[in-house]
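Here's a quick tour of one model, taken region by region. Have the 3D view open and follow along.

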Amino acid sequence: MRDYGYTTAGAIYLGWPLSLALVLRAEVQGLEWILIALLGTFATDTGAFFTGRAIGRRPLAPSISPGKTQEGAVGGFLAGVAAVMALAFWLDLPVSVPESAVLGALVAVAGQVGDLVESKIKRTGNVKRLAILGSTGSIGRQTLDIVRAFPEEFSVVGLSAGHNLDLLAEQAREFQPEAVSCEEPPESLASSLPPACQVVSHEDVASHPDADTVMAASVGKAGLAPILAAIRAQKTVALANKEPVVMAGHIVMGEARRHGVDILPVDSEPSAIWQCLRGEQKDLSRVVITASGGAFRNRRRDELATVTPEEALQHPTWSMGRKITIDSATLMNKGFEVIEARWLFDLPWEKIDVVVHHQSIIHAMCALFYPQRVENGALPRFNPVETGSLTFEALDTDRYPCFRLALEAGKKGATYPAVISAADEVAVALFLERRIAFTSIPDLVEDVLSKHTPVSNPGLEDILDADGWAREAARAWTGGHLVAAKAFGMKATKYFLGFGPTLWSFKRGETEYGVKAIPAGGFVSIVGMNPLEYVPPEEEHRTYRGRPFYQKSVVVMAGVGTHFIIAFILIWTANVLIGRPRPGPASA
Ligand SMILES: NC(=O)C1=CN([C@@H]2O[C@H](COP(=O)(O)OP(=O)(O)OC[C@H]3O[C@@H](n4cnc5c(N)ncnc54)[C@H](OP(=O)(O)O)[C@@H]3O)[C@@H](O)[C@H]2O)C=CC1
Ligand SMILES: CC(=O)[C@@H](O)[C@H](O)COP(=O)(O)O
């Protein structure tokens, strides 16, 4: 009965006023009167939005639409009246100035009341108002596909992305959010957005007053601050972005408890656990997380040193973003999921097991519709006959050092999880840029972890410090091999200090030297570092790969030695410029 009621009311609410437009159109100057109604409403909305943003303080109707303010309502009213008066004059309508003012007032009030009614309908009808972090990524785009498929269930209030501004602007034009954020200067985006859409910070998108649910789908550490902002603003968080929980699980979950916020896992493994448990955690003896085994599950270990990023990005069952796909191939992703499960479900480590399950069937994803489950016709139905047999195998942890490292870091706690997350982010980026081999990912991560001085019971500041330190240490890992390479006649094509966009460079001989924007570490590119790289036959004798083992070792060790020298120079400089603390008299 209720559904019939809603359907009939919807048809009347939309159909009846629209039918009046047809009646109006048939009148003398009908088109002009319709224009007055439309443009007057548009001016009211725009005036309310900008006034509210600029000086809005006092809420107008917080239980219906928390984003609207009394100041905005006044600004909208004045803008509506002014617009209708100007239009009436310009379109030469048969009304006096006072009559056009009254007409403007009616349009402005009706427009704002209509807005509130719409908000009330959305609230009553349980429309979820989403802020999507990482909207241009794999999970973000899938989330928007769901919004497209179920427009009556969701509205989009905010979108946040990194650097893909074309797609972000396209999404904003389609979904008309109130706010967007990105990692580029606001002016590079603002002109391609709809007029009422503002560029704000990621935290502002996540805590937008009109949003009730935040889909956290940015990658790596980028999501940490926005997720905390969402929790503190008491939004429900649908969590795909696992790294913030890995880095700072005790802080994220502690804040969620303190603010009474639900964290709904989107990542398929914790989501499956969550759906099985449904709040019942008593007498749980074991949780099993499945691992696909990643892109190289059928490769021999001795083949892994030469695999390319393109091969590593071929996940056997999923199409996902680049970082998680590489993490899946190293099984760092599985280690992170164990840490994530430990925090999300408050489980002791010994109750979480991982098994290899090549078919990746034992998973689920339904956080957006929580607490309901909704069938999505766009997805293929599970067919057990077509799927065939499901297999489960023990995980060979020797084969996947990253899994072991993640678990060790998780169990040690302190700032180690933040360090492994940061070092892994850098290592994966370096591998994707072909600066290190696939097998160097665990070497780099282990080396950075081994150099870390942990802080126990870390606060957010300690975690951010550890993150920054680990990133620098990870970037420095590749630098400093140039001199030795040249000494052996290898062809070094680039030697840069720093990472990211090039600030300044010059070419001398066959090598480009320069400085990049992010002042941490550096790198050298030597021809033939990747055994599969194509090199013209006449240059083969100058490749890294063609050199005897001792020469390669010297080049590698020279990099390490350079780090010592840089560290020594930095400490010496600090001693000279700042001095050293003198022990004072002992106090009793
Ligand atoms: N893909 C999947 O199926 C699954 C993913 N996850 C997790 O979900 C998260 C997202 O994964 P996925 O969608 O694959 O990743 P993608 O790489 O496809 O997308 C990442 C998103 O984050 C944005 N982003 C990157 N850097 C920043 C930054 N500094 N500030 C703000 N936004 C940024 C990107 O923006 P832009 O592209 O504009 O630069 C993009 O929108 C990860 O933590 C992953 O582990 C979990 C389970 C499954
Ligand atoms: C789709 C999803 O949620 C990923 O976490 C996926 O499960 C990765 O699987 P593997 O790490 O087992 O390859």
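## A small sheet, a ligand site and two helices

Let's start with strand S11 (residues 352-356), which is joined to S12 by two bridges, the two strands running antiparallel. Keep in mind as you look that this is a predicted model. One of the residue pairings is easy to find: Val-356 has Glu-393 of S12 as its bridge partner.

Zoom out a little and the sheet has three strands, ordered S10-S11-S12; it is open, and its pairing is mixed. Strand S10 (287-291) and strand S12 (393-394) are the edge strands, and each has a single partner strand, so one side of each has no neighbour in the sheet. As a reminder, strands of a sheet pair through backbone hydrogen bonds, and they can do so parallel or antiparallel.

Next up is ligand 2. Which residues come nearest to ligand 2? There are 15 residues around it, and the nearest are Ser-268, Glu-269, Ser-292, His-315 and Ser-328. Sorted by character, the shell around ligand 2 has four nonpolar, six polar and five charged residues.

Three side chains put a polar atom within reach of an oxygen atom of ligand 2, as tabulated here.

| Side chain | Distance to an oxygen atom of ligand 2 |
|---|---|
| Ser-292 | 2.5 Å |
| Ser-328 | 2.6 Å |
| Glu-337 | 2.8 Å |

On its own, ligand 2 has 360 Å² of accessible area, and the protein covers 91% of that.

Where does the shell come from? Helix H11 (268-277), helix H13 (322-330) and helix H14 (332-344) each contribute at least two of the residues around ligand 2. H14 has the largest share, with three residues.

Finally, take a look at two helices. Helix H2 (residues 30-55) has 26 residues, and from first C-alpha to last it reaches 37 Å, close to the 38 Å expected at 1.5 Å a residue. Its buried residues include four glycines, Gly-30, Gly-40, Gly-47 and Gly-52, along with Ile-34, Ile-36, Ala-43, Thr-44, Thr-46 and Phe-49.

Helix H19 (residues 460-476) has 17 residues, which at 1.5 Å a residue should span 24 Å; the end C-alpha atoms are 24 Å apart, so the two agree. What is buried in H19? Ile-463, Ala-466, Ala-470, Ala-473 and Ala-474 are, and so are Asp-467, Arg-471 and Arg-475.

Key. Residues numbered from 1 in each chain as written. Chains lettered and ligands numbered in written order. Predicted model: local features only at pLDDT ≥ 70, side-chain atom pairs only at ≥ 80, totals over all residues. Heavy atoms only, no water. Near = heavy atom within 4 Å. Polar contact = N/O pair within 3.5 Å; in protein donor to acceptor, adjacent residues only side chain to side chain. Areas by Shrake-Rupley, 256 points an atom, 1.4 Å probe, with all protein chains shown as cover. Nonpolar A, V, L, I, M, F, W, Y, C, P; charged D, E, K, R; others polar. Pairing = 2+ DSSP bridges. Expected span 1.5 Å × (residues − 1). Buried < 20%, exposed > 50% of the residue type's maximum accessible area, 1.4 Å probe, protein only.
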